[in-house]
Amino acid sequence: RFFIEHPSATEEVTFDEAESQHLAKVMRANVGDMVVGFDGKGTEFQIELTSVGKKKVVGTVRSQEEVSREASRRLTLAVALPKGDRQRWLVEKCVELGVARLVPLLTKRGVAQPVEKAIDRLRRAVIEASKQCERNHLMQVGQGQSLEEVLASRPAASFLLHPSGEAIHHDAIVPASEVLAIIGPEGGFTDEEVAEAAQHGCQVVSLGPRILRVETAALAMATLATAVPGP
Ligand code: SAM
């Protein structure tokens, strides 16, 4: 499976440099091979390769169809991102679980401030994970947002995850077609941040009596929200 960022109006497809290198060097593709392409917006293409260069691979679309492998509801995770490899791992697993949107959350005790370069790297990780798990819609990775900004556009079913919140109940998730979950940094949310979310109508919920790492809390919530059948 290969990502095609801008499928042309014609049947000819040119893969970008990263995808061309993957095809030519790693997969050792040849002219005449059939590969699957996806545009990240839901369309899957059957493509016959017509030219294979180390940095530029070209093919012809033989057929295409809309194929959705999205989750049962739209889940946005606003997460105070952990550092380094843990960040990339979190993104990969969120893509696999069908999270629709990941927003790097800027908090008082956050450690990793998202910068433009890091977000670009995470977007590349989204493509790699989508190739592997056969997802056809790219998970969005937003710009860093403050808690206030995240709360300003929250859906009705919004949860702030906190070890001392009320136990989460799946009845709160079942009727919702859209869910927001907010996950704090390793140092936790401040009392003011918890109060702010509650004032804006977020449910402050717990996932159990153990302290989970940021990515464990995010993925546990993603599992709950994407596995419970949609409305
Ligand atoms: N000492 C911090 C505290 O009390 O909040 C621990 C922070 S925890 C390592 C990082 C984030 O994961 C928390 O801010 C929270 O959003 C989420 N989290 C961790 N354990 C949780 C639990 N049992 N229930 C709900 N959320 C949890």
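Domain bounds here come from an automatic or database domain assignment. This is a predicted model, where local features need pLDDT of at least 70, side-chain atom pairs count only at pLDDT 80 or more, and totals for chains, interfaces and linings use all residues. Residue numbers start from 1 along each chain as its sequence is written.

**View 1. The protein chain and its two domains.** The assignment splits the protein chain into domain 1 (2-66) and domain 2 (74-227). Measuring over C-alpha atoms is how the centres are placed, and 33 Å separate those of domain 1 and domain 2. Six residues from domain 1 and five residues from domain 2 make the contact, where two residues are in contact if their C-beta atoms, placed from the backbone, lie within 7 Å. On the side of domain 1 that touches domain 2 there are two nonpolar, two polar and two charged residues. For these classes, Ala, Val, Leu, Ile, Met, Phe, Trp, Tyr, Cys and Pro count as nonpolar, Asp, Glu, Lys and Arg as charged, and the others, Gly among them, as polar.**View 2. The overall make-up of the protein chain.** The C-alpha atoms fill a box of roughly 60 × 35 × 30 Å along the principal axes. The protein chain has six helices and 12 strands; helices (H or I, at least four residues) and strands (E, at least two) are DSSP runs, numbered from the N terminus. Of its 231 residues, 36% count as buried. Buried means that 20 or more other C-beta atoms lie within 10 Å of the residue's own, exposed means 12 or fewer, and partly exposed is in between, with C-beta atoms placed from the backbone. Take the contacts between residues at least 6 apart in sequence, and 71% of them join residues at least 24 apart.

**View 3. Helix α2, with a buried face.** The 14 residues of helix α2 (residues 84-97) should span 20 Å at 1.5 Å a residue, and its end C-alpha atoms are 21 Å apart, which agrees. The expected span of a helix is 1.5 Å times one less than its number of residues. Which residues of α2 are buried? They are Q87, L90, V91, C94, V95 and L97. Down the axis of α2, these buried residues fall within an arc of 165°, so they line one face of the helix; the arc is that of the directions from the helix axis to the C-beta atoms. Their cover includes β6 (74-79), β7 (101-106), α3 (116-133) and α6 (214-227). Right after α2 comes G98, with a positive phi near 90°.

**View 4. Helix α3 and the residue that follows.** With 18 residues, α3 reaches 26 Å from its first C-alpha to its last, close to the 26 Å expected at 1.5 Å a residue. L122, A125, V126, I127 and S130 are the buried residues of α3, and they pack against β1 (2-3), α2 and β8. E134 follows α3 and sits in the loop between α3 and β8 (140-141). Its phi is positive, about 65°, although E134 is not a glycine. Most residues other than glycine have a negative phi. E134 is partly exposed, with 13 other C-beta atoms within 10 Å.

**View 5. R28, another positive phi.** Look in the loop between α1 (17-26) and β3 (34-38) for R28. Phi of R28 is near 50°, a positive value in a residue other than glycine. Is R28 buried or exposed? R28 is exposed, because just 9 other C-beta atoms lie within 10 Å.

**View 6. The shell around the ligand.** How many residues surround the ligand? There are 17, and the closest are L161, G184, G188, L212 and A217. A residue is near a molecule or strand if its C-beta atom, placed from the backbone, lies within 6 Å of it. β10 (157-167) and α6 each supply at least two residues of this shell, and the largest share, three residues, comes from β10. By class, the shell has nine nonpolar, five polar and three charged residues.

**View 7. V67, in a loop.** V67 lies between β5 (57-66) and β6, in the loop. V67 counts as partly exposed because it has 14 other C-beta atoms within 10 Å. Not counting residues up to four places away in sequence, V67 touches E44 and N136. The C-alpha atoms of V67 and N136 are separated by 6.9 Å, with their places 69 residues apart along the chain.

**View 8. V150, in helix α4.** V150 belongs to helix α4 (residues 147-152). V150 counts as buried because it has 22 C-beta neighbours inside 10 Å. Leaving aside neighbours within four places in sequence, V150 is in contact with A78, V103, L105, Q145 and I182. F3 is 147 residues apart from V150 along the chain, and their C-alpha atoms are separated by 30 Å.
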